[in-house]
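Subject: Handover of a structure, with notes

Dear colleague,

I am passing the structure below to you, together with a summary of what was found in it. Please read the notes with the structure open beside them.

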Amino acid sequence: MRDVQERIERHIDTLSKFTSTPGRGTTRLTYSKEDLQARNYIKEKMKEYGLQVREDGIGNIFGKLEGTLKDAPSVLLGSHFDSVPNGGNYDGPAGIVAGLEVAALFSKNHIKPKYPLEVIAMVEEEGGRFGAGLLGSRGIVGLLSEDEFKQIKDKDGISTEEAMASIGLDSTLPKKRDPETIKAFLELHIEQGPILEDKNIPLGIVESIVGLTQLEVTVKGQAGHAGTTPMDRRYDALVTTAKMIAQLPELASGEGTVITTGRLNVFPNGANVIPEKTEFSIDIRSSREENVLNVIEKVEELIESYNGHGMQTTVEQSLYVLPKAMNQDIMSLMREKCDELKIKYSSIHSGAGHDAMVFSDFTDVAMLFVPSKSGLSHCPEEWSDSSDIANAVSVLYEVVKRLTEVE
């Protein structure tokens, strides 16, 4: 498998160059110049590996190896290729690279499946540009209407349609895919945590994915001069926001529940102007739905408690995804193949959201994790060993052969 490992390293190294922040991590926002560069590379490799390539009306990429059964549903294998700002090289691309290498093994070994194999590369999983996480997968399964898609804009007011057109993508193509055309979805991902590395185990078989919600909060006060407005006459949106955010950690009740504010915008954002408005995000996650719902209720009560006395507060839910269990049959198959290949593995739960959680309501889904060095992710230091990814490719290759019923 040394040749597979070397190709994995070349893929990751090449994709890492498509960043708007060289030397400061991977920043590859959806429908950007860097998106187009990565997109062209992925499509080129898909064709090189004998796959039929197409893109849908949201910009997801599909590379298909036809099966011998007419109109049979496909086994999908892949992940996303967008990044958070100043992120790492492995979050998302590792799963696409694994899919490409499984397809390469099918081509090298002249394997013809009964059911088609499709390697997929999805957009805007992170929500880094449009604040709409899991956009590509939600579009595929029909959880995103045409009107909702058209109304999404980035922080500069550029719509999804405009952004797609800027890199030559056609937003009028179909977005939703008939669930009957999907037999299963498999996703390899880096763990983004320390558990596998701490256990010195090269592969994790994911049993469940955390439930999550994302809230968008707006706080409106009154702008004023920083030097001439007395302290007792101020309606400072940022000060009020800071009080709210400081209380959020106390609301994360329930084992394993976490809450995060990762994005804060201040308007008009002048050094000598009292902030008139803020917009900030709240990300809530737990493996138990009742914990998520409980925290949402507490957060909404907190935000409402600051409404009035010169301040206006609103909170909107932009994303809500239930905790998801992975398919037992595919997990058993993964364990069987790990044992046959003598690859150590551990069962694991995902504290991060993934495209797999969206697909899980529509088809059979399974995930594999590879260790993350020091548990780091969403930062330039993010790193996973190519030998671990190659191990995952070996397992996925055997699993996909079974699921596609190779002749």
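In these notes, two residues are in contact when heavy atoms of theirs lie within 4.5 Å. The model is a predicted one.

With that meaning of contact, I58 touches Y31, V123, L135, G136, G139, L144, F149, M164 and K175, residues up to four places away in sequence being left out. The position of I58 is in the loop between β1 (52-55) and β2 (61-65). Its relative accessible area is 0%, and I58 is therefore buried, the cut-off being under 20%. One of its partners, K175, is 117 residues away in sequence, yet the two C-alpha atoms are 5.8 Å apart in space.

The chain as a whole

The chain holds 12 helices and 16 strands. Its radius of gyration is 22 Å, close to the 22 Å that the globule rule gives for 407 residues, so the chain is as compact as a globular protein of that length. Taken along the principal axes, the box filled by the C-alpha atoms has dimensions of roughly 80 × 45 × 40 Å. Of the 407 residues, 55% are buried. The accessible surface amounts to about 17700 Å², and carbon and sulfur atoms account for 48% of that surface. Among contacts between residues at least 6 apart in sequence, 78% join residues at least 24 apart.

Two helices that cross

Two packed helices are described by the angle between their axes and the distance between the axes. Helix α1 (residues 2-16) and helix α12 (residues 386-403) have axes that come within 9 Å and cross at roughly 115 degrees. This crossing of α1 and α12 is right-handed. On the α1 side the contact involves V4, Q5, I8 and E9, and on the α12 side S386, S387, I389, A390 and V393. By type, the residues of this contact are five nonpolar, three polar and one charged.

Two buried residues in regular elements

Which residues does I330 contact, once its neighbours within four places in sequence are set aside? They are A184, L186, D364, V365, A366, V399 and L403. I330 belongs to helix α10 (residues 328-341). With a relative accessible area of 4%, I330 is buried. Between I330 and S286, which are 44 residues apart along the chain, the C-alpha separation is 24 Å.

L215 has its place in strand β7. It counts as buried, at 1% relative accessibility. Apart from residues up to four places away in sequence, L215 touches F280, S281, I282, I284, V299, V315, E316, Q317 and S318. From L215 to E381 the C-alpha distance is 28 Å, and the two residues are 166 apart in sequence.

A partly exposed loop residue

Q222 sits in the loop between β7 (211-220) and β8 (224-225). Is Q222 buried, exposed or partly exposed? Its relative accessibility is 45%, and Q222 therefore counts as partly exposed. Neighbours within four places in sequence aside, its contacts are Y235, I274, P275 and E276. The C-alpha atoms of Q222 and I140 are separated by 42 Å, with their positions 82 residues apart along the chain.

Backbone points to check in the viewer

Most residues other than glycine have a negative phi, and most peptide bonds are trans. Three places in the model deserve a look in this light.

- F267 and P268 are joined by a cis peptide bond, with omega about 0 degrees. P268 is in the loop between β10 (264-267) and β11 (273-274).
- H110 has a phi near 55 degrees, a positive value in a residue other than glycine. H110 lies in the loop between α3 (93-108) and β4 (117-122), and it is exposed, with a relative accessible area of 74%.
- H309 has a phi near 55 degrees, again a positive value in a residue other than glycine. H309 lies in the loop between α9 (289-305) and β13 (312-321), and it is exposed, with a relative accessible area of 79%.

With kind regards

Methods. Residues are numbered from 1 along each chain as its sequence is written. This is a predicted model: local features need pLDDT of at least 70, side-chain atom pairs count only at pLDDT 80 or more; totals for chains, interfaces and linings use all residues. Side-chain values use heavy atoms; hydrogens and water are left out. Axes are lines fitted to C-alpha atoms, for helices over the stretch in contact, and angles run from 0 to 180 degrees between N-to-C directions. Helices (H or I, at least four residues) and strands (E, at least two) are DSSP runs, numbered from the N terminus. A crossing is left-handed if the near helix is turned anticlockwise from the far one by less than a right angle, and right-handed if clockwise. Ala, Val, Leu, Ile, Met, Phe, Trp, Tyr, Cys and Pro count as nonpolar, Asp, Glu, Lys and Arg as charged, and the others, Gly among them, as polar. The radius of gyration is taken over C-alpha atoms; the globule rule is 2.2 Å times the number of residues to the power 0.38. Buried means under 20% relative accessible area, exposed over 50%, partly exposed in between (1.4 Å probe, protein chains only). Accessible areas come from the Shrake-Rupley method with a 1.4 Å probe; for residues, only the protein chains shown count as cover.
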